[in-house]
Amino acid sequence: MPTLNDYLMLSGILFAIGTAGVFVRRNIITVLLSVEIMLNAVNLSFVAFGRQMGYADGQIIVFFVMTVAAAEAAVGLAIVIALFRHRESLNPDTFTMLKW
Amino acid sequence: MTLFYLFAAIAVLASLLVVAQHNPVYSVMLLIASFGALSGLYVLLDAPFVAVIQIIVYAGAIMVLFLFVVMLLNAPREDTDYDIRVHPLFRRGPLWFGAALAVCLAAELAWALGATRMRSGFPAAQMVSVETLGHRLFTDYAFQFEVTSVLILVAMIGAVIMARHDEPGGKQ
């Protein structure tokens, strides 16, 4: 039987992949997708802990995380569209308007 | 048991390919595959409702939003060669520092897993019903639930305002 440790290890691996994606990729859409991978890794550990402890709270928090993910995706993609309109690029290194 | 390893392998492989892929459309598709595998893992964890909303909300709504934007922008391929030459993260110092941090993190994770080895599996199945979830959500978590609705409203207004095309003449 897979134990809580196995699920936590999987969650850690997925989170590490997401973090690596945020740092390594130079395409802002892939960076947002990597953030989604990280959020899902955290969701998995919440549900696994809830299953281990016998609480429903782990699953309830997953709903809130999903809501935040949806809001983040909507606002993030709106920013991407607005930036792409001005710069014709998806490389996050070209978006330095806030730097002084 | 084998199902766990099957789903875990699909999730990890698909996530790796999401990061390694250079075409954003393929990245989104692979991420949907990864979410499907995660949904299977939620079923194994006796959380069928989470599994269902993982498919409907994540794969069905959020990823379709991503796909819309990717196809709308007709996203160009990234210019990686240029970045490797000039990007500060690819200098020798930051590379070695990052490698050292990664080794530290891997060692710490291995140590933590070795120190807290779980011998037994999960306790006997006690399925959390949708009824229980809804009851908890509208009693104990009622305030958070309402705050969530405000969050979504703010996100919606923000997205509409930011993505709106401003004409130079002031006409929208």
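Modeller: Let's start with a term: a residue is buried if 20 or more other C-beta atoms lie within 10 Å of its own, exposed if 12 or fewer, and partly exposed in between, with the C-beta atoms placed from the backbone. By that count, 44% of the 100 residues of chain A are buried. Keep in mind that this is a predicted model, in which local features need pLDDT of at least 70 and side-chain atom pairs count only at pLDDT 80 or more, while totals for chains, interfaces and linings use all residues. Residues are numbered from 1 along each chain as its sequence is written, and chains are lettered from A and ligands numbered from 1 in the order in which they are written.

Colleague: What makes α5(B) lie largely in the open?

Modeller: The number of buried residues among its 24 is zero, so α5(B) lies largely in the open.

Colleague: What span is expected for α5 of chain B, and what does it reach?

Modeller: The expected span is 1.5 Å times one less than the number of residues. Helix α5 (residues 92–115) of chain B reaches 35 Å from its first C-alpha to its last, close to the expected 34 Å.

Colleague: Which elements make up chain A?

Modeller: Chain A has three helices and zero strands. Helices (H or I, at least four residues) and strands (E, at least two) are DSSP runs, numbered from the N terminus.

Colleague: How does the radius of gyration of chain A compare with what a compact globule would have?

Modeller: The radius is taken over C-alpha atoms, and the globule rule is 2.2 Å times the number of residues to the power 0.38. For 100 residues that is near 13 Å, but chain A has 17 Å. Its C-alpha atoms fill a box of roughly 50 × 25 × 25 Å along the principal axes.

Colleague: How many residues of each chain are in contact with the other?

Modeller: Two residues are in contact if their C-beta atoms, placed from the backbone, lie within 7 Å. There are 54 such residues in chain A and 61 in chain B. The largest share of chain A's side, 19 residues, comes from α3(A).

Colleague: And why is α2(A) called roughly parallel to α2(B)?

Modeller: Axes are lines fitted to C-alpha atoms, for helices over the stretch in contact, and angles run from 0 to 180 degrees between N-to-C directions. Under 35 degrees counts as roughly parallel, over 145 as roughly antiparallel, 65 to 115 as roughly perpendicular and the rest as oblique. The two helices pack at about 5 degrees, with axes 11 Å apart, so α2(A) is roughly parallel to α2(B). Among the residues making the contact are A:Leu33 and B:Phe35.
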